[in-house]
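Work through these short exercises with the model open. Try each task before reading its solution.

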Amino acid sequence: MSKRTGADVMFDALYQGGAEICFANPGTTEMTMVSALARNGKIRSVLSLFEGVCTGAADGYNRVSGKVPVTLLHLGPGFANGIANLHNARRAGSRIINVIGDHATWHLEYDAPLTSDIESLASPVSRQVIRMASTAAIAQDVDAAFAATCEAEGGATTLIVPTDVIDAEASGDVQQLVARAWSGQPVGAEKIAQARAALAAADDVIVLLGGNALTEAGVRAGAALAAHLSGRLLMEPYPAIVTLGGDLPAVERQAYFPDDVIAQMGNATVVLAGSRMPISYFGYEGWPSQLVAEERLVRLAGPEHDAVGALLDLGEALGATTLAVQPAPDPAAPAADRDAALNPALVVEELLAQLPHDAIISLEGSTLGGPWLRNAHRARRHRVMTNTGGAIGQGLPCAVGAALAEPEARVVSLQSDGSAQYTLQALWTMARENLAVTVIMAANHRYAILQTELTRADAPLDDAVIAGLTRLDNPRVDWTALAAGYGVKAVRVTTSGELEAALRDGLAHDGPMLIQAELP
C-alpha cells in the first residue's frame with residue numbers, strides 16, 4: 001500500500017471544505033497530486049486542453065452552483081495561461097481555489113526553466129496567495145484558502161504547492177474542516193434610514209441592480225421598490241449571473257457607451273443595490289469616467305452586502321408592496337420568412353421561441369448579447385452569465401462549468417466568433433464530458449466591437465490596415481470543421497428556416513452541438 005502523502009491530506013481537506021470538482025491541466029510538478037486525486041475518488045476531475053478553459057469553467061461552475069471548484073495548474077506559466085479568465089472571475093466574485101504545483105523548495109535557487117514569481121502572477125486575481133511551507137500545516141492552509149474566498153463579495157484563492165511539501169509523508173491527526181458559505185454583509189438600519197431620506201426628495205429614480213441582487217428575489221424586490229418610487233429598474237451592464245424572463249419583471253440593462261449611459265440615466269437619483277456605480281468602460285476624451293454625479297447616487301448596498309435584504313428592508317421602510325406576479329409569456333414562433341437571410345434579430349427571435357424553461361445562457365459578444373438582453377423578458381425563465389471583466393475567451397469555458405454545475409439544465413452559449421478563438425479548446429471538454437451545451441456561433445467574421453469603436457472615431461473601415469486588423473474573413477474560419485475536429489456535432493446555417501431546424505435539433509441533442517450562424 002502506498003504511503004499517505006501531503007497531497008492526500010490536501011484533497012481530503014478540499015473535499016471537506018466543499019470542493020466537489022477539479023478543472024485540471026497538470027504537469028510534472030503535479031504528478032503526486034494527480035495520484036492523490038485518483039485515490040481520493042470523491043472529487044470529480046475534468047481535463048482541459050488549455051488553462052484558460054480550466055479557470056473559465058471554474059468561474060461558470062461557481063456562478064451557477066455557488067460551490068467552490070478547484071483548478072489544478074502547472075507552475076507559473078500554466079497559471080499565467082489562465083489569468084485572463086480569473087480576472088473575469090474576480091469581477092464576478094466567483095469563489096475558486098487555484099492549486100499550482102511548484103518546484104521543490106530546495107530546487108528554486110537554481111532557477112530552472114519553469115521557475116517564475118508565482119506570487120506576483122497570482123496576487124492580482126486572488127483574495128489571498130498561500131505558499132505551503134509545511135506538510136503538517138496543509139489542512140490549515142486549505143481552510144485559510146476557503147476562508148479567503150468568502151471575503152468581501154467573494155473571489156479566488158491561490159495555493160502554491162512545492163513538490164517536496166506535497167510529496168512528503170503525511171503525519172499527525174487528520175484535521176476535519178467545515179464547509180464555509182459566502183454570505184453578504186447585512187446593511188444596517190442607519191444605511192436604510194439614509195437611503196429613505198435621500199429618496200424623499202427624488203422626482204426621478206432608477207434602481208440599479210447588480211451582484212447578488214440579480215436573483216429572482218432581488219429582481220422582484222427591486223421591481224417593487226422601483227414601482228413604489230415611480231421609477232425604473234435597471235441592471236449592471238455585465239452581470240455575473242442574472243435570472244430573467246418568465247413571470248419576472250423586465251429589467252433594463254445599463255448601456256455601454258458613456259453618452260448612452262448619461263442619456264439613459266438622465267437626472268435620476270440612482271439607488272445602487274449590489275451594483276457598482278455607473279462608470280465608462282473605457283476613458284473617452286471629453287466624457288467623464290463617473291457617469292452619475294455622486295450627489296445623485298444612493299449607495300444602498302455594494303457587491304459585498306446582502307443586497308436583497310437591503311432592498312426588502314428599504315421597501316418595507318417606504319411602504320412598498322410586493323408586485324402581483326404577471327402571467328409568464330408563451331414565446332411564439334417568429335413570423336419571419338423562413339428563407340430570409342440571418343441577422344442578429346432573427347437569431348434572437350428564434351431562440352426566444354425555443355429556449356427551454358430554466359436554461360442557462362453563457363453570453364459573450366455584442367453581436368447577440370445586446371439584442372438578447374433587450375428581449376430576455378420575453379423568454380421563458382432562464383439565467384444569463386456575461387463577461388464580467390471584459391477579458392475575452394470566457395463564454396465557451398463558462399458554458400462548460402455551467403453544464404457541469406447543473407447537468408439537468410440546457411446550456412446555450414451565445415458566442416461571438418472572434419472571442420471564441422481564444423478558448424476554442426473548450427469544445428473538446430464539452431465533447432469529452434458529453435455536456436448538454438448548444439453553441440450558437442455568431443459568425444460575422446470580424447471583430448465587430450472594434451469596428452463599432454472605430455466607426456465612432458470616424459476611422460475608415462475599408463482602410464487596408466484597419467481592415468486587416470478587424471476582419472477575420474481571410475481565411476474564413478470554418479467553425480463546423482473546428483467543432484467536428486474536437487468531437488462536437490456541428491451545422492452551418494444561413495437562413496431563418498435552417499436555424500429553426502438546427503436549434504430544435506441542438507436543444508434536444510444528448511450532448512454538445514455547435515450551430516454556425518452566418519451573419520452580416
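**Exercises on surface, fold and one residue**

**Exercise 1.** Find how much area the protein exposes and what share carbon and sulfur atoms supply.

Solution. The protein exposes about 20,800 Å². Carbon and sulfur atoms supply 53% of that area. Accessible areas come from the Shrake-Rupley method with a 1.4 Å probe; for residues, only the protein chains shown count as cover.

Two notes on the source. This is a predicted model: local features need pLDDT of at least 70, side-chain atom pairs count only at pLDDT 80 or more, and totals for chains, interfaces and linings use all residues. Residues are numbered from 1 along each chain as its sequence is written, and side-chain values use heavy atoms, with hydrogens and water left out.

**Exercise 2.** Decide whether the radius of gyration agrees with that of a compact globule.

Solution. Start with the rule: 2.2 Å times the number of residues to the power 0.38, with the radius taken over C-alpha atoms. For 520 residues, this puts a compact globule near 24 Å. The protein has 24 Å, so the two agree. Next, take the box along the principal axes: the C-alpha atoms fill roughly 70 × 60 × 45 Å.

**Exercise 3.** Classify Gln-254 as buried or exposed, then list its contacts.

Solution. First, locate Gln-254: it sits in the loop between strand 10 (252–253) and helix 11 (258–265). Helices (H or I, at least four residues) and strands (E, at least two) are DSSP runs, numbered from the N terminus. Second, apply the cut-offs: buried is under 20% relative accessible area, exposed over 50%, partly exposed in between (1.4 Å probe, protein chains only). Gln-254 has 5% relative accessibility, so it counts as buried. Third, look for contacts (heavy atoms within 4.5 Å). Beyond neighbours within four places in sequence, the partners of Gln-254 include Leu-208, Leu-234, Val-261 and Ile-279.
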